[in-house]
Amino acid sequence: SILIDEMQDLVGWDFELIDKLSKLPTISITCVGDFRQTIYTTHIGTKRPKTNTEKLEKFKSLGFKIENLNISWRCIQLICSFADKVHSAEGIYKKTNSEVKKIPEEYQEHLGVFTVSFENVKEYLATYNPVILRVTKVTQKQLCKGFASVNFGACKGLGFKRVLIIPTDKQKKFLNGNHKVFDKDKTEKAKSSLYVAITRAKYSVAFLYDENSDIEGVKNWNPIQN
């Protein structure tokens with residue numbers, strides 16, 4: 001048996017090898033991964049398949065049986081449902097169902113997805129102490145001082161109780177309701193980075209964002225109301 005993890009990172013020539021192996025009668029191959037977390041690739045090249053849709057179709061053409069394991073042990077349902085919206089325009093992923101059923105009492109009063117204004121962010125950080133996720137270590141450097149912070153590229157595979165995301169310009173457009181903002185990107189990295197950042201949180205995700213989000217289910221956090 002051959003077991004391949006992080007299969008979403010395979011591209012181009014990798015599939016030529018998988019093609020050869022899949023034709024061997026004495027070998028079974030199992031590949032596991034999440035195409036929505038395509039941040040890295042094994043190499044840079046022009047050979048297809050390159051996009052998530054192309055990779056999925058290539059696996060099918062090689063005779064692989066596709067099994068969707070659409071459950072999450074990492075995030076509550078409110079976060080899973082929001083994260084699903086990042087790739088909703090592609091129309092190839094099933095709804096994610098959360099298996100997080102028991103929520104400790106200390107987290108129950110602040111659950112789900114929020115926007116937090118610059119005016120209120122310091123109070124939010126002091127109240128909930130989320131891990132800050134950002135593009136690079138120089139992003140909002142003063143704001144992050146004294147709090148745990150992780151770059152988007154380094155947070156893959158990690159999990160936290162709460163996160164505060166400092167969004168990029170494209171991520172702000174997504175919050176503004178534009179689900180197709182990443183469609184013309186040459187790679188899946190920007191879209192996948194947002195999905196990965198959202199799904200690092202178990203109980204709450206907040207975005208540093210001065211406007212109200214146009215996405216259903218996202219609430220604006222205000223210290224007076226909360």
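Modeller: Ala, Val, Leu, Ile, Met, Phe, Trp, Tyr, Cys and Pro count as nonpolar, Asp, Glu, Lys and Arg as charged, the others, Gly among them, as polar. The model is predicted: local features need pLDDT of at least 70, side-chain atom pairs 80 or more, while totals for chains, interfaces and linings use all residues. Numbering runs from 1 along each chain, and side-chain values use heavy atoms, without hydrogens or water.

Biologist: How many charged residues are in the lining of the second largest pocket?

Modeller: This pocket (open 1 Å grid points, 1.4 Å probe, protein on both sides within 12 Å along at least five of seven lines; lining atoms within 4 Å) has 25 lining residues. Seven are nonpolar and eight polar. The charged ones number ten.

Biologist: Which residues lie nearest its centre?

Modeller: The lining has 25 residues to choose from. Nearest the centre of the second largest pocket are Thr41, Lys50, Lys186, Thr187 and Glu188.

Biologist: And how many nonpolar residues line the largest pocket?

Modeller: Its lining has 39 residues, with Val32, Gly33, Asp34, Glu67 and Leu69 nearest the centre. Ten are polar and eleven charged. The nonpolar ones number 18.

Biologist: Why do the buried residues of α1 line one face of the helix?

Modeller: In α1 (residues 14-22; a DSSP H or I run of at least four), Asp14, Phe15, Ile18 and Asp19 are buried (under 20% relative accessible area, 1.4 Å probe). Seen down the axis, the buried residues (C-beta directions) fall within one arc, so they share a face. That arc is 135°.

Biologist: Which exposed residues does the face turned away carry?

Modeller: Exposed means over 50%. On α1, the face away from the buried side carries Leu17 and Lys20.

Terms used: Helices (H or I, at least four residues) and strands (E, at least two) are DSSP runs, numbered from the N terminus.
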